[in-house]
Amino acid sequence: HFDVSLAKCLLSFNDQDEDQFKINLKFARSNLLNQLVASCTESYQTVYPLLIKLHMLNDIETWFTAKDHDLKHLSKSMKVAESLTDYNLSSREPLLNLRRVLFDLGGLKKDVGDCWLNYAMLARKAKFYKTAKISVLEAQRYPQLIDCHLETAKLYWETGDQDQAIRMAKNAYASMDEQTRKNNRSAFELRLQIIRWEQEKLLEPEKSLLEDFRQITEEDEYWEEGYFHFALLLDKVYEIKRSESAKKINKAINDPSLDERTRKKNLAKEIKNYFDYFDNYGKDLLESYGYTLFFGSKHMFHAVPRMLTIVFRLNKEFHGLKDKVSSKTFSKHYKDLLDI
């Protein structure tokens, strides 16, 4: 049984018995390789758990042979390797459990807290809320306060206590000092989550929410999440204003009840509003999607098609208005569109 072999490896690890450790490790790895050979012709899903177990044995071996001054660097490498595994509880739970033990043996208390917190996130996403709550409580024993507050607030939100989630997140953010708010990515994540929840619950006016999102992108100008969620809100606002303006332009052009002078006046007014909305919302929207792609690839499959859709639609609408505005106005706004 793999669990027994793993326990023997950890026991000899803790006793610093190098010879016995190598024997136990070789035995565990040999058993897994035999299983892997037998199942290699089956599906990837069948083989993947065996690869995770081999990954665990590699972690133990690497940690056993590492020097004390290399442990922090090694923990970072292990986290990168973990990020390449399937993001689900069944794949990452054994890795996180093992690493908690290894980090504890190495005296890396902060990394132990990270493991508990990551386990809480996975459990919450799998809807094991009691397990997630217990894991957050364990994580709170270590210096992870900001992330723990955020994860606890998310638990409240997903279990239906949305007011408590917002209240807790706001209290946690209010308790931070100014330096933490400006220099800590976790603080930005907490603030971004508060704004998103307020947007969903319509607790703040639209203009205030936009300013909050804009401030986040200014304070952390290399963070794709800030730009992406700013773009989502801008997209929602701009789509409403642009479509309303386009309808009014069509009405001004085709309304038979208006005389020529009134029609031209209304048309000029609505076209001005249309381009003003582009200046105030459209340009920021496209730039935010662009920065989202520039600083990361997490939201690529949303940002790219949406950005292209907006650009192609605006290109069509701009050319539809080309004969109804001055060449200077058209050239200015069309150049702004192409420059983005």
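I60 is a good place to start in this predicted model. Setting aside residues up to four places away in sequence, I60 touches L6, C9, L10, F13, F21, L98 and L102. Together with W63, I60 has the most contacts inside the largest nonpolar core, a group of 39 residues. Six helices each supply at least two residues of this core: α1 (2-14), α2 (18-39), α3 (44-65), α4, α5 and α6 (109-125). The largest share, ten residues, comes from α3.

That isn't the whole story of the nonpolar interior. Apart from this core lies another one, made of 36 residues. Among its members are Y238, L267, L285 and I310.

**Helices that pack in pairs**

Two packed helices are described by the angle between their axes and the distance between those axes. Here are three pairs from this model.

| Helix pair | Angle between axes | Axis distance |
|---|---|---|
| α4 (residues 71-83) and α5 (residues 89-105) | roughly 175 degrees | within 12 Å |
| α12 (residues 206-219) and α13 (residues 224-254) | about 150 degrees | 9 Å |
| α15 (residues 300-320) and α16 (residues 327-339) | roughly 170 degrees | within 11 Å |

Let's take α4 and α5 to begin with. Their axes cross at roughly 175 degrees, so the two helices are roughly antiparallel to each other. On the α4 side, the contact is made by S75, M78, K79, E82 and S83, and on the α5 side by R92, L96, R99, L102 and F103. Sorted by class, that gives four nonpolar, two polar and four charged residues. L102 is worth a second look, since this α5 residue takes part in the helix contact and is also on the list of residues that I60 touches.

Next up are α12 and α13. What is the handedness of the crossing where α12 passes α13? The crossing is left-handed. With an angle of about 150 degrees, over the 145 that serves as the cut-off, these helices therefore count as roughly antiparallel. From α12 come E206, L209, L210, F213, R214, I216 and T217. From α13 come G226, Y227, H229, F230, L233, L234, V237 and K241. By class, the contact holds nine nonpolar, three polar and three charged residues.

The last pair is α15 with α16. Their axes cross at roughly 170 degrees, which makes α15 roughly antiparallel to α16. Here V311, L314, N315, F318 and H319 in α15 meet F330, H333, Y334 and L337 in α16. How many charged residues does the contact of α15 with α16 have? There are no charged residues in it, just six nonpolar and three polar ones.

**Two serines and a valine**

S75 sits in helix α4 and is one of the residues that meet α5. Is S75 buried or exposed? Its relative accessibility is 2%, so S75 counts as buried. Leaving aside neighbours within four places in sequence, S75 is in contact with W63, F103, L108 and D111. W63 is a name we've already met, as one of the residues with the most contacts in the largest nonpolar core, while F103 belongs to the α5 side of the helix contact.

S91 is found in helix α5. This serine has 6% relative accessibility, so S91 counts as buried. Again not counting residues up to four places away in sequence, S91 touches Y48, I52 and D86.

V80 is also worth finding, in helix α4. At 52% relative accessibility, over the 50% needed, V80 counts as exposed. To get a feel for distances, try picking out V80 and E244: they are 164 residues apart in sequence, and their C-alpha atoms lie 47 Å apart in space.

**Two loop residues with a positive phi**

Most residues other than glycine have a negative phi. Which residues in the model have a positive phi although they are not glycines? Q16 is one of them, with a phi of about 55 degrees, and K127 is another, with about 70 degrees.

Q16 lies in the loop between α1 and α2, and its relative accessible area of 54% makes Q16 exposed. K127 is in the loop between α6 and α7 (129-139). At 56% relative accessibility, K127 counts as exposed too.

Note on methods
Residues are numbered from 1 along each chain as its sequence is written. This is a predicted model: local features need pLDDT of at least 70, side-chain atom pairs count only at pLDDT 80 or more; totals for chains, interfaces and linings use all residues. Side-chain values use heavy atoms; hydrogens and water are left out. Axes are lines fitted to C-alpha atoms, for helices over the stretch in contact, and angles run from 0 to 180 degrees between N-to-C directions. Helices (H or I, at least four residues) and strands (E, at least two) are DSSP runs, numbered from the N terminus. Angles under 35 degrees count as roughly parallel, over 145 as roughly antiparallel, 65 to 115 as roughly perpendicular and the rest as oblique. Contact means heavy atoms within 4.5 Å. Ala, Val, Leu, Ile, Met, Phe, Trp, Tyr, Cys and Pro count as nonpolar, Asp, Glu, Lys and Arg as charged, and the others, Gly among them, as polar. A nonpolar core is a set of buried Ala, Val, Leu, Ile, Met, Phe, Trp, Tyr and Cys residues joined through side-chain atoms within 4.5 Å. Buried means under 20% relative accessible area, exposed over 50%, partly exposed in between (1.4 Å probe, protein chains only). A crossing is left-handed if the near helix is turned anticlockwise from the far one by less than a right angle, and right-handed if clockwise.
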